[in-house]
Amino acid sequence: MKQQDKEEKQANRRQTLDRLCSASGLLLSVVCCIALIHVQLTIQEHHRLVSNSVTFCDQMKIEILRKVEENYGSRQVMASTGRHWQATKGEQETVLKTKTLCTR
């Protein structure tokens, strides 16, 4: 009887250990899936931020080109009337800030 009780206890311990290992494996799988989803969401967020930055710089470039064309037209009018045009300090700073934003 003692031998049989001992074997039963060992069988129960093995079953408990097997269940514990299975539960640990399942928990590890769930944690890995959650981590993978988190990384994927982070990558998507970074991609969105990069795309927005590119779009912003493209829009800024179009706006700058439009303003340059306007100013070029103003310069042509001023040149034809004999007046000279020079950029103000504020205009120069704006151009520098815009270049800095779009080169990042």
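## Cysteines, a surface patch and salt bridges along helix H1

At 46% relative accessibility, Cys 32 counts as partly exposed. That is a handy place to start looking around this predicted model. Cys 32 takes part in no disulfide, and the nearest cysteine sulfur, which belongs to Cys 33, is 7.1 Å away. Because a disulfide needs two cysteine sulfur atoms within 2.5 Å, that pair does not qualify. Searching the whole structure gives 0 disulfides. Cys 21 is partly exposed too, with a relative accessible area of 49%.

Now for the wider view. The protein has 2 helices and 0 strands. Of its 104 residues, 3% count as buried. The accessible surface comes to about 9,700 Å², and carbon and sulfur atoms account for 61% of that.

Helix H1 covers residues 2-81. An unreviewed UniProt entry places the feature "transmembrane region" at residues 20-41. In the model, the span of residues 20-41 is 100% helix and 0% strand, and its end C-alpha atoms lie 32 Å apart.

Which residues make the nonpolar surface patch of about 290 Å²? They are Leu 26, Val 30 and Ile 34. Ile 34 lies in helix H1 and is exposed, with a relative accessible area of 54%.

Let's turn to the charged side chains. The structure holds 3 salt bridges, listed here with their N to O distances:

| Salt bridge | N to O distance |
|---|---|
| Arg 48 and Glu 45 | 2.5 Å |
| Glu 63 and Arg 66 | 2.3 Å |
| Glu 70 and Arg 66 | 2.2 Å |

Arg 48 and Glu 45 both belong to helix H1, where they sit 3 residues apart, about one turn of the helix. Arg 48 is partly exposed at a relative accessible area of 40%, and Glu 45 is partly exposed at 35%.

How are Glu 63, Arg 66 and Glu 70 placed along the helix? Glu 63 and Arg 66 are 3 residues apart in helix H1, so about one helical turn separates them. Glu 70 and Arg 66 are 4 residues apart in helix H1, so their separation is also about one helical turn. Salt bridges with shared partners join Glu 63, Arg 66 and Glu 70 into one network. Each member of this network is partly exposed: Glu 63 has a relative accessibility of 29%, Arg 66 has 36%, and Glu 70 has 44%.

How values were computed
Residues numbered from 1 in each chain as written. Predicted model: local features only at pLDDT ≥ 70, side-chain atom pairs only at ≥ 80, totals over all residues. Heavy atoms only, no water. Buried < 20%, exposed > 50% of the residue type's maximum accessible area, 1.4 Å probe, protein only. Areas by Shrake-Rupley, 256 points an atom, 1.4 Å probe, with all protein chains shown as cover. Patch = residues over 30% accessible without salt bridge, like charges linked within 9 Å, V, L, I, M, F, W, Y side chains within 5 Å. Salt bridge = Lys/Arg side-chain N within 4 Å of Asp/Glu carboxyl O. UniProt positions renumbered as here; feature names shortened; annotations may be inferred.
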